[in-house]
There are 2 protein chains.
Amino acid sequence: MVSSASSSSQHDAEDSRNSSPVAFTAVTIDGIFWGPRLRTVREKTIPTMYEQMQKSSYFDVSQRNWNAAMYPVPYVFWETDITKWLEAASYSFATQPDPALDAIMDTAIEFMLSLQQEDGYLNLWFTEIQPDKRWSNIRDFHELYCAGHLIEAAVAHFQATGKRSLLDAVCRYADYIDTVFGTEAGKRRGYPGHEEIELALIKLYRVTGEERYLRLSHYFIEERGQQPHYFDAEARARGEDPTDFWAKTYEYNQSHQPVREQHEVVGHAVREMYLLSAVADLARELPDPSLHKSAERLWQHLTTKRLYVTGGIGSSTTNEGFTSDYDLPNLTAYAETCAAIGLILWNHRMLQLDVDRRYADLMERALYNGVLSGISQDGTSFFYVNPLESHGDHHRQGWYNCACCPPNLARLLMSLGQYVYSTHDADIFIHLYLESSGNIQIGSQDVALKQETAYPWDGTVRITVSLQEAAEFGIHLRIPGWCREAQLTVNGTAIALAEQTHKGYTRITRQWQNGDTIELTLAMPIERIYAHPAVAADSNRVALQRGPIVYCLESADNAVPLNALRLPATSSLESVFEPTILGGVTLLKGEALTLATDIWTDGLYHNQPPVCHPHRLVAIPYYAWDHRQPGQMLVWIQEA
Amino acid sequence: MVSSASSSSQHDAEDSRNSSPVAFTAVTIDGIFWGPRLRTVREKTIPTMYEQMQKSSYFDVSQRNWNAAMYPVPYVFWETDITKWLEAASYSFATQPDPALDAIMDTAIEFMLSLQQEDGYLNLWFTEIQPDKRWSNIRDFHELYCAGHLIEAAVAHFQATGKRSLLDAVCRYADYIDTVFGTEAGKRRGYPGHEEIELALIKLYRVTGEERYLRLSHYFIEERGQQPHYFDAEARARGEDPTDFWAKTYEYNQSHQPVREQHEVVGHAVREMYLLSAVADLARELPDPSLHKSAERLWQHLTTKRLYVTGGIGSSTTNEGFTSDYDLPNLTAYAETCAAIGLILWNHRMLQLDVDRRYADLMERALYNGVLSGISQDGTSFFYVNPLESHGDHHRQGWYNCACCPPNLARLLMSLGQYVYSTHDADIFIHLYLESSGNIQIGSQDVALKQETAYPWDGTVRITVSLQEAAEFGIHLRIPGWCREAQLTVNGTAIALAEQTHKGYTRITRQWQNGDTIELTLAMPIERIYAHPAVAADSNRVALQRGPIVYCLESADNAVPLNALRLPATSSLESVFEPTILGGVTLLKGEALTLATDIWTDGLYHNQPPVCHPHRLVAIPYYAWDHRQPGQMLVWIQEA
């Protein structure tokens with residue numbers, strides 16, 4: 001029996017164990033769950049997105065119906081569809097080189113490079129459409145956000161191909177940005193309205209070793225929210241009243257106060273995630289524990305007040321973001337796919353600061369639920385918004401006018417391997433379980449770890465250790481928070497978990513021999529999940545979870561109004577793997593009830609409670625919904 | 001034991017018993033419930049509204065910050081604040097003449113008359129602000145709506161004072177409107193975007209006997225929704241594309257099809273109510289049963305699909321109106337006070353077409369709950385929106401920019417007497433029970449009915465019949481649908497209810513003697529009300545009702561999060577009259593549970609159901625909420 005969360009006494013940043021991720025290029029993922037999915041992204045999603053961009057004249061500005069009068073429109077950051085696609089394509093190329101892909105990446109890069117100005121400036125909109133408006137509204141116009149995605153693409157492309165074409169251009173651009181923004185006299189004391197460049201600059205610093213990029217990132221984080229407020233001054237410079245800001249509050253972009261003073265996750269959810277990812281990155285690079293503490297404080301707030309059970313975040317359409325504590329409506333949940341992706345990016349960085357399963361648990365929750373729901377099984381249609389209830393009118397689309405989520409999904413999934421392992425000195429940490437082969441360097445020793453598992457459908461993971469010569473090092477296995485009973489053996493000999501487990505990771509340190517086998521068995525009973533009573537939308541309701549998978553009901557399996565269905569607290573549920581349904585999923589089945597409506601023929605209200613009839617409930621994984629005939633969907637089932 | 005609704009076989013318009021209301025001037029209302037309330041409206045609300053209008057320069061256009069560029073703004077129909085106030089003031093004057101009120105009414109009328117044009121046209125906005133835009137946009141600009149409230153004010157003022165000043169002006173205006181709109185060559189085939197003039201013209205016809213007004217009203221109803229669509233043509237005449245209509249659909253103003261073809265209540269709720277009030281009025285005046293059938297069909301739809309338990313209607317802020325069947329959210333309920341008032345206006349007219357308690361029940365439900373909530377106990381602050389749940393941030397205000405509800409409340413309550421009785425030949429129908437004295441004419445006989453009762457707190461009503469000489473006639477007493485056990489005596493002798501009851505009214509026909517006494521005892525146990533299972537917002541929840549009063553919980557009495565409170569199905573509840581609380585109310589009390597939150601310290605989700613602690617529940621009448629310290633409010637309580 002393992003406690004389902006680290007104790008709060010362990011949430012101390014001082015007690016952290018940091019580690020560095022093993023690159024995704026060193027981890028080959030396959031198996032019944034991820035094998036087909038990743039092939040689909042590589043073979044369908046990435047080519048389809050390129051075709052969509054060609055069809056929409058992304059690379060031919062003259063054919064586009066651009067014009068400045070269209071503001072406010074999303075088009076101002078359309079170039080990030082290209083750069084996020086480039087990043088995803090680079091990751092695909094890195095693990096499976098393909099000359100045709102190489103060529104179209106070069107074409108896309110050539111297009112981007114054609115936009116670069118003498119001074120290094122490189123932005124599609126402000127070069128082609130509004131050249132006189134450069135840096136005039138970094139609160140709303142996404143200029144630095146675009147630069148961030150450009151930088152991430154350049155780093156990925158360089159690492160995948162060794163080509164410096166985009167990287168060199170991007171360094172020139174970053175050098176130029178560094179001359180524009182900063183605290184020094186003559187520079188603008190600005191920072192982006194949409195965070196992103198901060199984490200990108202850290203990647204650029206890490207790949208180039210150029211400390212200016214780290215300092216610029218640090219400057220953007222430290223300057224954000226300082227008084228006098230840059231966005232006030234910028235608005236006045238445009239002749240506008242700063243209080244006319246359409247979003248009404250600087251919480252929208254987390255610039256209402258300096259991040260060290262923030263105690264709540266607020267505003268636009270993707271922005272918050274990118275901000276906190278950069279804060280966590282900086283906490284790794286700088287000798288400043290207060291950054292880690294700030295991030296941890298906001299993590300606590302998010303996870304105790306503003307998180308959907310699917311790992312979705314940001315409950316409101318209005319600000320694409322956070323509202324108030326416990327306000328987690330299901331039908332109208334925004335829970336943008338990109339925000340759940342951002343949650344993974346941030347938690348991956350928190351995990352690097354401190355190997356604590358809380359972060360890996362959350363990363364896994366988002367991955368298998370609120371992120372994976374964003375992409376169809378055939379890899380060609382997408383959810384932007386991921387509600388936890390539907391009346392049957394919410395469906396994935398092939399492309400969006402604001403198409404941020406599809407390429408974001410592709411870049412996450414094409415680099416999924418980086419989330420599996422991390423190392424620190426003579427220790428290997430295993431964060432995710434999936435059928436895979438990883439090559440990990442411990443000192444001068446190459447260690448191959450082969451995972452064999454039907455995870456997430458089955459909790460048994462067999463890990464074979466291969467190495468040239470025997471060596472002593474630690475392997476730390478995450479015991480997921482959702483698992484209440486785990487067993488572990490090495491070469492058939494049981495390991496006592498409790499003694500060796502710290503922050504949810506069980507450590508096995510020994511002289512490892514080639515061929516040693518670890519077997520981890522994670523019990524995966526069906527769990528009923530209850531939300532905090534203050535979450536009004538979930539009260540009297542239960543969610544079903546098995547392993548990391550959150551379930552939902554669909555009309556396709558339950559031919560009754562889903563909100564007229566009651567799951568008795570005493571009903572037992574069974575899980576059944578169905579290889580032919582929805583690409584192969586474990587279904588949950590059990591006895592439930594439905595309410596008869598016959599006493600309400602004369603009106604909506606009646607002084608007798610409803611009569612119940614038996615109903616055979618069937619639940620499917622949440623991520624797999626909306627693949628059959630349109631109908632209702634419901635995560636939080638009413639309990640009777 | 002009385003069945004709680006008429007059987008559906010009785011819902012046949014052919015089987016109707018029509019009757020005519022007894023004028024409010026013939027019914028004096030007093031007693032612990034209504035006495036102080038009506039005095040407050042007379043002495044506080046009406047003077048305060050006049051002061052508010054003076055403060056806002058209603059009567060001095062030159063001081064107002066009007067200008068045409070402000071469109072779209074609500075100001076275009078601001079004159080209806082004046083005319084609805086005039087109507088309310090006239091009703092007040094009619095039952096309690098006051099020379100000072102007479103004088104200020106004359107001042108307001110003088111102001112309105114000063115706007116009248118040579119041709120009879122009389123509108124504040126289009127005379128002062130946009131004289132070139134007369135009749136250019138009757139879809140959105142409320143011109144005919146304003147005319148309707150002007151006519152209602154004029155009729156009320158004439159009936160109250162005998163003065164023809166406003167009535168004559170209004171007849172000239174109506175005559176002019178009759179030359180502008182109609183099917184004859186040269187006339188515009190238009191009708192109002194906001195219904196109101198239709199029912200007003202019928203009042204004008206009834207007071208003047210001029211059949212042209214009846215025909216014009218009939219024309220507006222019949223023309224509405226015909227093709228080619230007038231609002232399409234009107235938009236094109238303005239150079240606009242009709243499909244750019246901001247509301248997106250003509251359902252918004254019920255002009256999507258002719259009313260005889262409509263099967264669902266749709267769009268803006270107040271407009272729907274005013275439309276259906278006029279349809280019911282016309283069904284009384286014209287030999288055309290199809291109008292009654294259309295109204296009845298829409299009544300069935302409303303009451304089985306789109307009605308709040310408080311009598312509130314219109315669940316959405318977006319269109320101030322109806323959405324889809326069973327979509328009755330509580331926290332975000334719009335349920336405009338004016339729409340609940342409109343529901344009373346309509347049901348009062350349906351009741352005149354057919355004495356069926358269904359209409360009186362609904363009138364009573366709206367009156368004691370969703371209407372009365374709209375006005376504070378001191379009569380000086382108002383709800384525009386009446387949600388069934390609040391987080392503590394919704395409060396009555398002293399005035400609204402769009403101040404339609406305060407004067408609407410005042411005119412309803414100042415004419416409340418007209419809803420109590422109706423007559424047909426030798427039959428008197430009693431619809432509402434309240435402490436009052438009524439003078440009713442049956443043939444040449446004057447009959448005085450004195451009701452003594454503590455209703456709605458107590459279900460015993462003692463009715464004394466006074467008359468000059470003995471006479472045979474029928475008295476029909478409504479047995480409310482909420483009442484499952486009623487007893488009736490005449491001079492102490494029991495009457496068998498079942499035999500004498502038709503459509504919920506029990507008939508006593510006898511030779512009445514002066515001093516005869518009827519005693520009606522309506523059992524008022526506390527009822528648990530359950531919503532149709534398709535109403536997702538209320539599922540697993542229960543509302544409490546006692547007599548006609550719907551209850552709610554407030555933080556002021558229940559110091560726990562209201563959505564963490566559970567009322568066990570087996571808990572018994574008691575009612576206690578508390579003379580000192582909230583002006584004297586019956587409270588409900590009982591044993592409930594609250595959910596402990598201590599297992600959720602580490603996150604929002606947990607695999608154990610919440611632990612419950614006992615909680616002493618106290619519920620107050622819904623209408624009385626928001627009179628103490630701000631806090632949560634909840635009508636639909638979770639049942640355990």
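## The cis prolines

In this predicted model, B:Pro456 sits in the loop of chain B that runs between strand E7 (445–453) and strand E8 (460–467). The peptide bond leading into this proline, from B:Tyr455 to B:Pro456, is cis, and its omega is near 5 degrees.

Chain A has a cis bond to look at too: the one from A:Tyr455 to A:Pro456, with omega near 5 degrees. A:Pro456 is placed in the loop between strand E7 (445–453) and strand E8 (460–467) of chain A. Keep A:Pro456 in mind, as this residue comes back in the domain contact below.

## Domains 3 and 4 of chain A

Chain A splits into four pieces: domain 1 covers 56–224, domain 2 covers 247–419, domain 3 covers 421–522 and domain 4 covers 528–638. Take the pair made by domain 3 of chain A and domain 4 of chain A: their centres, worked out over C-alpha atoms, are 37 Å apart. Four residues from domain 3 of chain A and 12 residues from domain 4 of chain A make up the contact.

How much area do domain 3 of chain A and domain 4 of chain A bury between them? The figure is about 590 Å², with 67% of it on carbon and sulfur atoms. On the domain 3 side, A:Pro456, A:Trp457 and A:Trp482 do most of the work, supplying 95% of the area that domain 3 of chain A buries against domain 4 of chain A, more than any other three residues. So the cis proline of chain A is one of the residues in that trio.

As for specific interactions, one residue pair in polar contact is counted between domain 3 of chain A and domain 4 of chain A, with both residues at pLDDT 80 or more. Sorted by class, the side of domain 3 of chain A that touches domain 4 of chain A has four nonpolar residues, no polar ones and no charged ones. Salt bridges across this interface come to zero.

## Where the chains meet

Now for chain A against chain B. The contact brings together 47 residues of chain A and 47 residues of chain B. Between them the two chains bury about 3,600 Å², and 56% of that is on carbon and sulfur atoms. The salt bridge count between chain A and chain B is zero, while the polar contact count is 21 residue pairs, both residues of each at pLDDT 80 or more.

Which elements of chain A supply the side that touches chain B? Helix H11 (289–305), strand E15 (526–531), strand E21 (605–606) and strand E24 (637–639) of chain A each put in at least two residues. E15(A) has the largest share, with five residues. By class, the side of chain A that touches chain B divides into 21 nonpolar, 16 polar and 10 charged residues.

## Two buried residues in chain A

A:His229 lies in a loop of chain A, between helix H8 (211–223) and helix H9 (230–237). Is A:His229 buried or exposed? Its relative accessible area is 4%, under the 20% cut-off, so A:His229 counts as buried. The side chain of A:His229 has polar partners: it makes a polar contact with the side chain of A:Tyr191 at 3.5 Å, and one of its polar atoms lies 2.7 Å from the backbone oxygen of A:Ser255. Setting aside neighbours within four places in sequence, A:His229 is in contact with A:Tyr191, A:Tyr250 and A:Ser255.

A:Ala283 belongs to helix H10 (residues 269–285) of chain A. This alanine is buried because its relative accessibility is 14%, and buried means under 20%. With neighbours within four places in sequence left out, A:Ala283 is in contact with A:Leu291, A:His292 and A:Leu353. Of these, A:Leu353 is 70 residues away from A:Ala283 in sequence, yet the C-alpha to C-alpha distance is 7.7 Å.

## Positive phi without glycine

A couple of backbone oddities round things off. A:Asp626 is not a glycine, but its phi is positive, at about 65 degrees. You'll find A:Asp626 in the loop between strand E22 (612–621) and strand E23 (633–634) of chain A. A:Asp626 is buried, at 15% relative accessible area.

Over in chain B, B:Lys503 also has a positive phi, about 50 degrees, and is not a glycine either. B:Lys503 lies in the loop between strand E12 (501–502) and strand E13 (505–512) of chain B. Although a lysine, B:Lys503 has a relative accessibility of 1% and counts as buried.

Notes
Residues numbered from 1 in each chain as written. Chains lettered and ligands numbered in written order. Heavy atoms only, no water. Domains from an automatic or database assignment. Contact = heavy atoms within 4.5 Å. Buried area = accessible area lost by both parts, 1.4 Å probe. Salt bridge = Lys/Arg side-chain N within 4 Å of Asp/Glu carboxyl O. Polar contact = N/O pair within 3.5 Å; in protein donor to acceptor, adjacent residues only side chain to side chain. Nonpolar A, V, L, I, M, F, W, Y, C, P; charged D, E, K, R; others polar. Helix = DSSP H or I, 4+ residues; strand = E, 2+ residues; numbered from the N terminus. Buried < 20%, exposed > 50% of the residue type's maximum accessible area, 1.4 Å probe, protein only.
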